[in-house]
Amino acid sequence: MSTDNHSSSDKTSSSRPWLRRLLLKATVLFAGLGLSGALLGGLALALAWPNLPDLSAMIDYRPRVPLRIYTADKVLIGEFGEERRNVLRFDEIPDVMKAAILAAEDDNFYQHHGIDWMGVARAALANLTTMAKSQGASTITMQVARNFYLSSEKTYTRKFYELLLTFKIEATLTKDQILDLYMNQIYLGHRAYGFAAASRTYFGKQLWEVTPAEAAMLAGIPKAPSRFNPIANFERARSRQLYVLGRMQSLGYLTQEEYQAAVDQEIVLGSAPGTPAGGYAVHGEYVAELARQLLYNVYQDDVYSRGFNVYTTVLSEDQEKAYQSVRAGILDYTRRARYTGPEANVDLPAGIESDHARFDALLDELQDRHPDNDDLLTAVVLSAAPDKIVVARTAQQIIEITDKSALKVVARGLVKNASDDLRIRRGSVVYVRDTGEHWELINKPQVQAALIALRPQDGAIQAMVGGFHFQDGNFNRVTQAWRQPGSAFKPFIYAASLEKGLTPATQISDEPFVLTAAQTGSRPWSPKNYGNTYEPMLTMRQGLYKSRNMVSIRIMQAVGPKYVQDYLTRFGFDRERQPAVLPLALGAGSVTPLQLAGAYAVFANGGYRVLPYLIDRVTDSTGKVIMQAKPVIAGDAAARTIDPRTAYVMNDMLRGVTTWGTGARVKRELGRGDIGGKTGTTNDSHDAWFAGYHPETVGVVWMGFDQPRSLGQGETGGGAALPIWLDYMRHALEGKPEVPMPPPPSGLNRIDGDFYFAEYPPGQAVARVGLPAPSDTLLGQGGGTFADGIGNLLNELRSGTQERHQHNDPIPF
């Protein structure tokens, strides 16, 4: 037995060296692998760490804040930029929002050093199990690293850089700084970046006003912003919200009572004005777009990310009233114009309105093709008869139109013999509108209008509306539409003549005027008075009150077209757009409404040319003023552009136009005598104008079609444009006392009830134009014949020796 034991012991001893060698080799192998891994890891770290981005972008954080446009009273009217942000300081973010974020995204945020190792292990195991890189364990710090510097692609290389960058961020910034960056930077759907912007986008309120229920819903969005935001998918957002609320309770952020109250709270969605979904409180789209263009010309694409705040000169109430006035005037014209038929026609199966889901789907498709236009609402006709039209907005909203005045507007489409393109029938796609008293069916307007109001003392634009609906095309008719001004241009012809010896009392022929083909060098020209009525003679004042074409032509013929063309540049008109020909006396040149308003400001302010401007100041994202307007002020001698006596006399005559002339409706409706103005209508009523002013406000209104055609027989500036002007001015002048005429300036004398320049007293002023002078002489000039006298006068006028104050630079904004 001892022999056997000895033998067994020898065998065991002989086998141990092999085991030791095996263990040694394994140890060496694993040590080598570990050392190699460490060397490779160290090498990777050595190569990657220097290439990590500098954190200066975080330390000196300047988010891409959009360009914002405001009225003078700080109402937001426009925002431009891909990212909507409202950046808050960390202490401005409510605790309930911070708690919701930590519960939803990273409850150990203040304990870990940037990496949640347990979460990383869980994600790695899941990825190995599925053999796909589908899960992650990103902490808030990791998300900040990714949002600032890295892509969101799910690769191990990106993850490695993210881990390294996370360590660097944690070593450089405090936890509060990191959370602050996250809450202002994260994308939350619908172009909202940061929770402050998201709160306004989804709930229409400031972030500090949110409840725990709303905070939890916002905190649930970062996981999948496009899918978990409450506008895109409320049910999924609600599910995510309940998860976050549960986490907030389990972590002690909410008591049981607070948790239950949050679960039970009804979430009401509503976007704040100024957000993409909420629109704006004031219809200032044309103002905002023009301000954007002006800033873009200076800063190019940088303007959309540097957080500039542009404060315009318009007042919010004035701007909104201008929008409503233009819209009301266009709709009034559309009602009295010929009805042109439905927008479209669709086959509407019998009984489809009983299948609500199917009917709503059809209506949704129609409204995509024919969207609502402010208070013009898309609807489909269910039945139509001369005494009643029934339309559907939705399967639940059925509207009956029975008002006789509303049905009269579309009567052409309700008669039995109506043509197919006019007939209103079942399946017709139409626009309806609630007037406040009844529903009406009305065409979407084809006509356009524009309104511009500015302050004559310095040119500050007070209101601007460039068309019926900005979203139909942002063409701004105030600044871009070059149209013939018609009779609204005549005051400038008259002003030119005053400085050449004519007076308001000058007698001028109103008989028909004809130029032969030989005289024109092309074809005969025989202009007409409106209504084709004529009188033997009118004074200059009477001719302006009645807007007689023959009087204007003879005035221009007397002083010379070239002199008039030169004189017009004093008001800011473009010389090349005002040809030196007699039709210019009838407004045959071209102007924009803005240009015409700037010109009328010269009469309103006593003879000074002020340049219209829109932007008062611009501040950067910190509130520092970086641009400030320095407008020309009326009263500055350098801005004097016409003789103060000329301005005074024209002001006096234009007040007469609005009291006794073609604009007498102004005095009747506004009951004040401190307003001057002039109607304007072009040939065949292609353009309708009213230009008028008070000492504190100049307003110009235009109406017409973008592709010029007649507005219709009987449509004039007094009937189409003046009502819009009156509606706006009634608001603009509310509460302002009437301003009497000041004393005449030096060198202007009132004799026998009218005005004469000192150098052109009765007997030396031009007494008659286009008429035989008494005793065949110019009145008071004695000796010379009328032909000799007028010939000498024309030679003097055309010599240009008395021209002065030329200003040819264009009007900037």
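Q: Let's start with a charge and a ring: which residue lies over the face of Phe-90, and at what distance from the ring centre?

A: Happy to begin there, with the reminder that this is a predicted model. The residue is Lys-98, and its distance from the ring centre of Phe-90 is 3.8 Å. There is another case to look at: Lys-500 has its charged end over the ring of Tyr-563, 4.8 Å from the centre.

Q: Now for rings with rings. How many aromatic pairs are there?

A: The general idea is that two numbers describe such a pair, the distance between the centres and the angle between the planes. The count here is 23 aromatic pairs. Take Phe-489 with Phe-492: centre to centre they are 5.6 Å apart, and with 55° between the planes the pair is tilted. Both Phe-489 and Phe-492 are buried.

Q: Why is the pair of Phe-492 and Phe-603 called stacked?

A: Look at the angle. Planes under 30 degrees apart count as stacked. For Phe-492 and Phe-603 the planes are at 15°, with the centres 5.3 Å apart, so this pair is stacked. Phe-492 belongs to helix 17 (residues 490–498) and Phe-603 to helix 22 (residues 593–604), so the two rings tie together parts that are 111 residues apart in sequence.

Q: Are these two rings buried or exposed?

A: Phe-492 has a relative accessible area of 0%, which makes it buried. Phe-603 is buried as well, at 1%.

Q: Which residues do ring pairs link into a cluster?

A: Phe-489, Phe-492, Tyr-563, Tyr-567, Phe-571, Phe-573, Tyr-600, Phe-603 and Tyr-693 are linked in this way. You have already met Tyr-563, whose ring has the charged end of Lys-500 over it.

Q: On to sheets. In what order do the five strands of the open sheet come?

A: A useful idea first: in a regular strand, side chains alternate between the two faces of the sheet. The order here is 13-12-20-19-18, with antiparallel pairing. Strand 13 (461–465) and strand 18 (676–681) are the edges, each pairing on one side only. From one strand to the next, the twist averages 5°.

Q: How many bridges join strand 19 to strand 20?

A: Eight bridges connect strand 19 (residues 687–694) with strand 20 (residues 697–704), and the two run antiparallel. To find your place in the ladder, look for Phe-690, which faces Val-701 in strand 20.

Q: What do strand 16 and strand 17 form?

A: They form a hairpin, with five residues between the strands. Strand 16 (residues 615–619) pairs with strand 17 (residues 625–628) over three bridges in the antiparallel sense, and Thr-619 stands opposite Val-625. In the turn, Gly-623 has a positive phi of about 95°.

Q: Which residue that is not a glycine has a positive phi of about 55°?

A: Most residues other than glycine have a negative phi, so a positive value deserves a second look. The residue is Gln-300, in the loop between helix 13 (285–299) and strand 5 (309–312). Gln-300 is partly exposed, with a relative accessible area of 41%. Asn-532 also has a positive phi, near 60°. Its loop runs between helix 18 (517–520) and strand 15 (537–539), and at 47% relative accessibility Asn-532 is partly exposed.

Q: One last residue: where is Tyr-756 found?

A: Tyr-756 is in strand 22 (residues 754–757), and with 12% relative accessibility it counts as buried. Residues that Tyr-756 touches include Thr-503, Ala-505, Leu-748 and Pro-761. Its C-alpha is 8.7 Å from that of Gly-501, although the two are 255 residues apart in sequence.

Key:
Residues are numbered from 1 along each chain as its sequence is written. This is a predicted model: local features need pLDDT of at least 70, side-chain atom pairs count only at pLDDT 80 or more; totals for chains, interfaces and linings use all residues. Side-chain values use heavy atoms; hydrogens and water are left out. Two strands pair if DSSP finds at least two bridges between them. Helices (H or I, at least four residues) and strands (E, at least two) are DSSP runs, numbered from the N terminus. Axes are lines fitted to C-alpha atoms, for helices over the stretch in contact, and angles run from 0 to 180 degrees between N-to-C directions. Rings of Phe, Tyr and Trp (its six-membered ring) pair if their centres lie within 6.5 Å; planes under 30 degrees apart count as stacked, over 60 as edge-to-face and the rest as tilted. Buried means under 20% relative accessible area, exposed over 50%, partly exposed in between (1.4 Å probe, protein chains only). A charge sits over a ring if NZ of Lys or CZ of Arg is within 6 Å of the ring centre and within 35 degrees of the ring normal. Contact means heavy atoms within 4.5 Å. Lists of a residue's contacts leave out its neighbours within four places in sequence.
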